[in-house]
Every structure is written in structure tokens, then in C-alpha cells.
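Me: Could you take a close look at a single part of this model for me? I would like to see how one strand sits among its neighbours, and then one helix for contrast.

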Protein chains: 2
Amino acid sequence: MYTQFIGFDWGTSSLRAYLINFDGMIINQYESAHGIMHLPEGGYDEVIAHTLAYFNVPLCPLLACGMVGSAQGFKEASYISCPQSLEKLALNLTKKEFVYKNTINQNTINQNTINQNQTNQDQTHIFHIVAGMSIAHKHSMDVMRGEETQVLGALADLNAIDSAVFILPGTHSKWVLTENKQIINFTTYMTGELFSLLKTHSILGRGMILDQNNSKDSVLAKRAFTQGLDLAQSESGSQASLLHQLFTARTKGLFKEIEALYLEDYLSGILLGSEIQAGLANQKLIKQTQITLIGNQNLCKLYQTALDYFGFKNIQIKENTAPQGLWQIAKINGFI
Amino acid sequence: MYTQFIGFDWGTSSLRAYLINFDGMIINQYESAHGIMHLPEGGYDEVIAHTLAYFNVPLCPLLACGMVGSAQGFKEASYISCPQSLEKLALNLTKKEFVYKNTINQNTINQNTINQNQTNQDQTHIFHIVAGMSIAHKHSMDVMRGEETQVLGALADLNAIDSAVFILPGTHSKWVLTENKQIINFTTYMTGELFSLLKTHSILGRGMILDQNNSKDSVLAKRAFTQGLDLAQSESGSQASLLHQLFTARTKGLFKEIEALYLEDYLSGILLGSEIQAGLANQKLIKQTQITLIGNQNLCKLYQTALDYFGFKNIQIKENTAPQGLWQIAKINGFI
């Protein structure tokens, strides 16, 4: 048993690492742009060594979640299928040996937690990776990596809730349904990626003025956003598909119904509205359902505005629950 | 009255011009990559002069449809609102003067159709542009430029049909409903643009091998395409939105359910299926409805396969009906 461990939330474009003690308290944290698609020359070993050097503590358990466990990651961790108990998720770790070039300052070594002969020389060590989750929908599989750990972390705060919904907005937005602290269903929506693609590369983007200087009027921005939500809500179903709705972000500009500066808010409303419309129907949610948004605060607030507009009021926002999730997994595995 | 005119089908990325006689016969045609977004230094005047020099005929009426009449075009032509009689569309031409540097070979001058003093010197001439069409859907406007002329051309061939549907697949696919030779409704779907964006810039494209060498097995390609259609058809409606369906083009690859070479066919099936599902519902079509596909033959055949799969058999394909449409408009205006 160690008194602390290092948790890695290691995604495609960035890494966040946390030194966490046995009480789940974050003692120190480290951030880097070395996501799995942006590794330095020394690869994973070098990034891990940097992280350990930054924390400057004796060797302790290393536990990671996220795309680091994908086929393009440090080592592919299996997907475990959903529904799944969180304990089984926690115990399904993939181990990856790596060479650790010890650079720790000798003065900080805690002789209770590390053997003298483990210092001062290169050694192999174990890096633990949390499994991804998969689910068989009717026509195809769905997957997540990292979000399961965040949901686990967020669940720890929810007492005696039988059924809860977690929304993790982003590039590939996830809706996760839990019951009795099991993940029983989840669905991915490509909302964030599509929004970015359309702004950057499509004809819709050509009609937009993007807000580089934060000069927008928030009332006008919200009005455009809710016009997009309105369209998604009132024209949901097969009669007017998203493929058509998106095009209205061109005609609203063409006919000066929305100023170029606010067209991105309108497009954002269409896309979030479409996701929320589908997510609510898919999870068959009633308005009393507890919904937890996890992620970037501004994005979560936008989702909260949209959910509120759709009649859902029981919403809380959590910024980052990966450290708590990693701590739960570390405890279940007896690392701390 | 002239014995011939020049019709321009002038879009964003290319120009096609036709020398058409009073019987509607195409005497000669000219193609260039000088779409309105790819003009040479001399701009519109230069491209028109090139076209006239290519045809090497005396000055005759010049009539254009397409994006040349957009705000970014030669001169903005108004949108006339739908429903609309085709005669009123035809008579709603926008005129644009331009300077014509006469380079015609004197030997070809037909003294019956052109005055001697119009040759051998720079002169101004009139370029006619067909109006676009707009329609007020419930929440926003929709627009087209060029497709109305193609539909007009295709309609000329349909005898005594009260109600017909025209689908013009492409970057911005159009579904146009006519009754008694009036355009009464139309809807745009961003199918082609989204397909291209997703293949080129999204995570879905990263999992694909694109067929550069035409080396695909057509049976496997069709199977993947119909799997996409299946998904769109069976999961239509708000419960599983396109934002989720698109992501299955990642998981189908991840779990090796579809080979990387055929993932683009699967994605194409999802998108076409989504468009057709919406188009059929929107136009409230029954299976006996006459559907005419207008455009690129391969793309039209793909739509035909999809429509057939959805139970629609009464489908014809026409490659390019813009010249016929321009001819109708030229006749109504008394140009020929």
C-alpha cells in the first residue's frame, strides 16, 4: 500500500496528471500538450519520466485513463462491455512495462514507501491503463475511453440515486446512463467535431464572422443560439433532417435574419439541439431526471441553457471528475 | 429574333456554355474551370469573351443560370419566391452590361443576324441572368440558383404529369416538387458537402482507406452502402440522430465490421439514407410517384439504388437538363 498515486487523464491532444493521496486529495497536478497524437521523440517513456520528475516523489502506482489505452496509445486496453459494474471496470486494468530513468532528488525519497535499491538507476516499472467501454446498440457498437472514469468519479458524489444521466460534451459528446452505480447505456454524438468542421471548412463558415475578440453581445448570441434550438426542437424527426437544418445557417445569413457574428451561435444551437433532442428521446428522460454535465465550464453552461430551454431544470455541472474516478479505481485495486 | 443563343450554366467551380439553335439543339459546347470562385484576371468579361471566341459566331443573346447570379457573381439576380409559374421565372431576368472585345473571324459573320457596325470594335453587350428561387419554410428560407433552370428543362420532357419530384444530388442536394409545371416546393440537404468534409477532415476519414485506384469490389461496396441505408432507415426520427449515426462509421472500422476500403460507402449510405428518408417524408411521397434524378450519372445511380432500396421504383435519370431549361427561357423571352 502506498500513501499516494499518480493518475493520468491522457487524451488525444493533451495530458493531465495528478498526484493524489489516499484521501482522494489532489496534492499536485501537471499539464502538458503531449497528448497521444503529439508525443515528443522519447515517446510515452519520456512523457512519464517528465511527469514523475515534475512531481519529484518516490515511485508510486501509475494509473491512466483515456486514449492512452487506444490502438494508437501506449498499449491497447480492451473494451469491456456495458452494462457493467464499476468494480469490474476498475479491476480490468491493462499493464504496460516501461523503463524509468530515475531522476528523483534523493532528499525527497520516503524510505517507507520505496526500497533503497530502486533509486539511482534505470528500472522497469508498471503503467496501469483503465479499460474502455463498449456497448452494442441495435445496428453497431459504441465506445468510450476516459469518460467511464469521469462518470465513476462523478457518481461517488451522488448518494442513493438509482438512475442518473451524465453528459460529457465535447468533440465526441457522450450521454451515459447509470443505475445503482452501474453504467447501463451510453451513446456518442459527433456534435463538437461537426461544429468545428462546419465553421472551418464548409460554406456555412464562409458566411460567418467568428468572434475572435470576445466582442459579441451576449443577448444577441443567446437569441441566435435559441433560434437554433427552436429549429432542432420543432423540426425533429425525419421530416426535416439535420442535413437540411444545417443549410439554414446559410440562408439566415443570406437574408440578414441573423448577423454574421451570431451565425456560429445559431449553428451551435442547431447542433446542440439535435443532440439533446436525440439524447432525451434515447434515454427516455423525464423532466425530473438528475442530469450531470461534466467538462469545460463554458460548454457545460451552454448545454445547461439548452437543457433548461427543453424543460430540464435538475442539472448540475462538474468540471473534471477524472481524478476522483482514478482515485476510486486506485482504491478498488488496493494501490492506496 | 436570332437563330441561336448561348446558354451559360455557370456555377461556383466550373462553367459550361452551350450554343443552342432555335430548335433547342446543342450545336457546340464549351467547358472551363472558371467557376465564379476561380475567375481569371480579366474576370467575367474575359471568360465571356473566351467563350464567344470559342464558339466563333456573331453576337447573339447570352443567357446564364447558376451562381453567376449570386451576391458573389457577375450581378446579383433576385430570388423569386416559390410557388412560382415557370413563365414568371423565365421573364424575371437580370441584365448586366459588359464590354465585348470582338475577336470573331469576319468570315463567319452572318449578315442576317448581326449588324456590320457591331463587329471589329469593343462594344457593350447585355448578359442575361436567370433569377434564383426562394421558399419560406416554417423556420427559415431555402434557396436555389441554377437548379430551377434544370428542373424547367426536365419538365419539358414530362407530358401531362400533374405532380413530379426532381432530385438534384450534389454538394447541396435539392428536392424539388412540381405540380402542373409550377415549382411548388423545394428543400436543400447538405449531403455532398458533409460527406466530403467528413472524409477529408474528420476522425471518420482517418479510419478510411479511400479508393484511389478504383480497386474496390462492387459487391462489398454495395453491401457497405446498404448497411448505411439500413441504419438511416431503421433509426430515423429523433431517437438516433445523424450526429450519432455518423460515429458508427468509426466503430464499424474499429471492430472490423467493415473494411477500411468500404467505410466511405457505409458513410455515403448513412448520409444518402438520411437525406432520402427526410425527402420522402417531407414531400409525403407514395411509391408510385415519378422521381427524376438530374446530375452526375454515377451519383444519380447511387441515389437510384438507395431509392429503390427504400421501395421507390419509378425513377428516371437525366444527366444535364440546364441547356433545355435555358432554351425554354430563351424562347419565352423571344430571344430566338
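Reply: Happily, here is a walk around one strand, followed by a helix. This is a predicted model, in which local features need pLDDT of at least 70, side-chain atom pairs count only at pLDDT 80 or more, and totals for chains, interfaces and linings use all residues. Residues are numbered from 1 along each chain as its sequence is written, chains are lettered from A and ligands numbered from 1 in the order in which they are written, and side-chain values use heavy atoms, with hydrogens and water left out.

Let's start with strand β9 of chain B, residues 132-136. Helices (H or I, at least four residues) and strands (E, at least two) are DSSP runs, numbered from the N terminus. Four of the five residues in β9(B) are buried, meaning under 20% relative accessible area with a 1.4 Å probe, protein chains only.

β9(B) pairs with β5(B), residues 79-81, in the parallel sense over three bridges; pairing requires at least two DSSP bridges between the strands. β9(B) also pairs with β10(B), residues 141-144, but in the antiparallel sense over four bridges. A hairpin of four residues links β9(B) to β10(B). Ser134(B) takes part in both pairings: it stands opposite Ser81(B), and its bridge partner in β10(B) is Val143(B).

Now for the helix, α11 of chain A, residues 322-332. Eight of its eleven residues are buried, so α11(A) is largely enclosed by the rest of the structure. Among the buried ones are Leu326(A), Trp327(A) and Ile329(A). After α11(A) comes Gly334(A), with a positive phi near 70°.

Key:
Buried < 20%, exposed > 50% of the residue type's maximum accessible area, 1.4 Å probe, protein only.
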